[in-house]
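Here is a short report on a protein structure. Take a look at the model before reading on.

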Amino acid sequence: MTQSLTLTRPDDMHLHLRDGAMLSAVAPESARDFARALIMPNLVPPVATLAQAQAYRDRILAALPHGARFEPLMTLYLTETTDPADVARAAASGVVKAVKLYPAGATTNSHGGVRDLDKIMPVLEKMAEIGLPLCTHGEVTTPEVDIFDREAVFIDTVLDPLRRRLPELRVVMEHITTQEGADYAAQGGNLAATITTHHLILNRNHLLVGGIKPHYYCLPVAKREKHRLALRRAATSGNRAYFLGTDSAPHVDALKEHACGCAGCFTATNTMPLLAHVFEEDGALEKLEAFTSQNGAAFYGLPQNAAKITLVKSDHPTVFAPKIQSAAGPVTVFDPGFAVYWQVQA
Ligand code: DOR
Ligand code: ZN
């Protein structure tokens with residue numbers, strides 16, 4: 001029996017494409033299924049100015065397969081020296097769709113991020129004025145705070161006070177991992193949250209029980225099962241406040257399978273089949289399009305994509321390539337740990 005599902009072509013509202021050899025390897029993986037993606041700016045050095053974003057966008061377009069139709073939506077990396085005027089020009093150019101806040105030390109290449117929120121208030125005020133969204137990596141980095149509590153503490157001590165101080169600021173809580181995150185984002189309006197594919201599938205047992213699984217290590221780290229279930233309810237609810245941001249974050253295997261392994265799950269290759277599986281399992285296939293193709297575009301004020309994507313379900317498990325190759329080394333494709341019968345129709 002074959003089942004098929006045709007959706008508006010999806011957008012990935014949180015994606016790491018890297019640069020150089022890795023960019024060349026991973027850009028085609030996203031372009032195959034997605035129409036647009038919000039590109040994270042945590043390169044070395046970070047993409048912090050309009051000029052850097054324009055140059056990075058050109059490198060992304062050059063890395064796409066011939067004839068690919070894929071639009072990179074650029075972000076700026078917020079630093080304590082970001083110039084509000086440059087941010088305003090970036091927004092007006094149409095190239096830059098958001099600014100990304102990394103608390104210093106929170107994750108990969110975040111050392112140039114923000115330590116003192118007061119220092120970035122002029123930029124945030126400008127963003128509130130012009131309606132440019134702030135995307136937050138929502139974790140505090142204070143060493144006293146347990147890594148599993150970092151998101152909930154960020155909401156209480158950073159995000160909520162910031163939103164009270166600047167109620168007009170549009171905010172996206174990136175890659176939420178907790179019930180607290182899902183509950184806080186539910187209010188919607190000028191607040192939204194992205195949810196990754198892997199956080200709908202993994203809890204912390206998957207990461208740690210029976211041996212440490214480096215390819216399941218990401219940040220924010222996967223939490224207890226009750227949190228995964230809260231994310232599933234949020235994603236499958238159809239609520240406009242939630243949309244897909246895969247946070248697909250490639251690292252070569254040598255750096256994942258390492259004494260100090262990098263954070264990131266590489267899901268660009270198989271995200272859409274995995275999401276079809278997840279939504280079907282929760283009896284919510286009819287909500288998949290809202291999550292992948294409508295809610296994110298609506299929040300960012302973008303038109304919905306005219307192109308479509310068709311997913312088909314067969315009786316045989318889909319075989320995904322276990323790795324993709326890059327000139328920097330192999331990258332492991334996220335393995336959900338269960339059979340998936342959906343695939344994207346070529
Ligand atoms: O798992 C993650 N990987 N989380 C992040 O916040 C950053 C990302 C990366 O860039 O590798
Ligand atoms: Zn990310």
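## A helix-start glutamate and its partner

Glu-225 is partly exposed, at 30% relative accessibility. This is a predicted model. The side chain of Glu-225 meets that of Arg-228 in a salt bridge, at 2.8 Å from N to O. Arg-228 is buried, with a relative accessible area of 14%.

Why can these two side chains pair up? Both sit in helix α8, which covers residues 225–235. They are three residues apart there, so about one helical turn separates them.

## Two more pairs within helices

Helix α1 holds a pair of this kind. Arg-32 and Glu-29 form a salt bridge, with N and O 2.8 Å apart. They are three residues apart in α1, so the separation is about one helical turn. Arg-32 is partly exposed, with 46% relative accessible area. Glu-29 is buried, at 9%.

In helix α5, residues 150–165, the pair is Asp-160 and Arg-164. Here the spacing is four residues, again about one helical turn. The closest N and O atoms of this salt bridge lie 2.8 Å apart. Which partner is buried? Asp-160, with a relative accessible area of 19%. The cut-off for buried is under 20%, so Asp-160 falls within that class at 19%. Arg-164 is exposed, with 64% relative accessible area.

## Salt bridges overall

How many salt bridges does the structure hold? The count is 13. Some are joined up: Arg-232, Glu-281 and Asp-282 are linked in a network of salt bridges.

## The zinc site

The zinc ion is ligand 2. Its protein donors are His-14 through NE2, His-16 through NE2 and Asp-247 through OD. These donors lie 2.0 Å from the zinc ion. Along the chain they follow the spacing H-x1-H-x230-D.

What does the pair His-16 and Asp-247 tie together? His-16 lies in the loop between β2 (11–15) and α1. Asp-247 lies in the loop between β9 (242–244) and α9 (253–256). The pair therefore ties together parts that are 231 residues apart in sequence. His-16 counts as buried, at 6% relative accessibility. Asp-247 also counts as buried, at 7%.

## The largest pocket

The largest pocket has a volume of about 280 Å³. Its lining is made up of 17 residues. Which of them lie nearest its centre? They are Arg-32, Asp-33, Thr-269, Gln-343 and Val-344. Arg-32 is also the salt-bridge partner of Glu-29.

Three elements give two or more residues each to the lining of the largest pocket: α1 (20–33), β10 (308–313) and β13 (342–344). β10 gives the most, with three residues. By type, the lining residues divide into seven nonpolar, six polar and four charged.

## Points to check in the viewer

- **Helix α8:** find Glu-225 and Arg-228, the salt-bridged pair at 2.8 Å.
- **Helix α5:** compare buried Asp-160 with exposed Arg-164.
- **Zinc ion (ligand 2):** locate the donors His-14, His-16 and Asp-247.
- **Largest pocket:** start from the residues nearest its centre, among them Arg-32 and Gln-343.

Terms used. Residues are numbered from 1 along each chain as its sequence is written. Chains are lettered from A and ligands numbered from 1 in the order in which they are written. This is a predicted model: local features need pLDDT of at least 70, side-chain atom pairs count only at pLDDT 80 or more; totals for chains, interfaces and linings use all residues. Side-chain values use heavy atoms; hydrogens and water are left out. On a 1 Å grid over the protein atoms alone, a cavity is a set of points where a 1.4 Å probe fits but cannot get out, and a pocket is an open set with protein on both sides within 12 Å along at least five of seven lines; lining residues have an atom within 4 Å of a point. Grid points are joined across faces, edges and corners, and a volume is the space filled by probe spheres set on the points. Ala, Val, Leu, Ile, Met, Phe, Trp, Tyr, Cys and Pro count as nonpolar, Asp, Glu, Lys and Arg as charged, and the others, Gly among them, as polar. A salt bridge is a side-chain nitrogen of Lys or Arg within 4 Å of a carboxyl oxygen of Asp or Glu. Buried means under 20% relative accessible area, exposed over 50%, partly exposed in between (1.4 Å probe, protein chains only). Donors are N, O and S atoms within 2.8 Å of the metal (3.2 Å for Na, K and Ca); water is not among the atoms, so sites may look incomplete.
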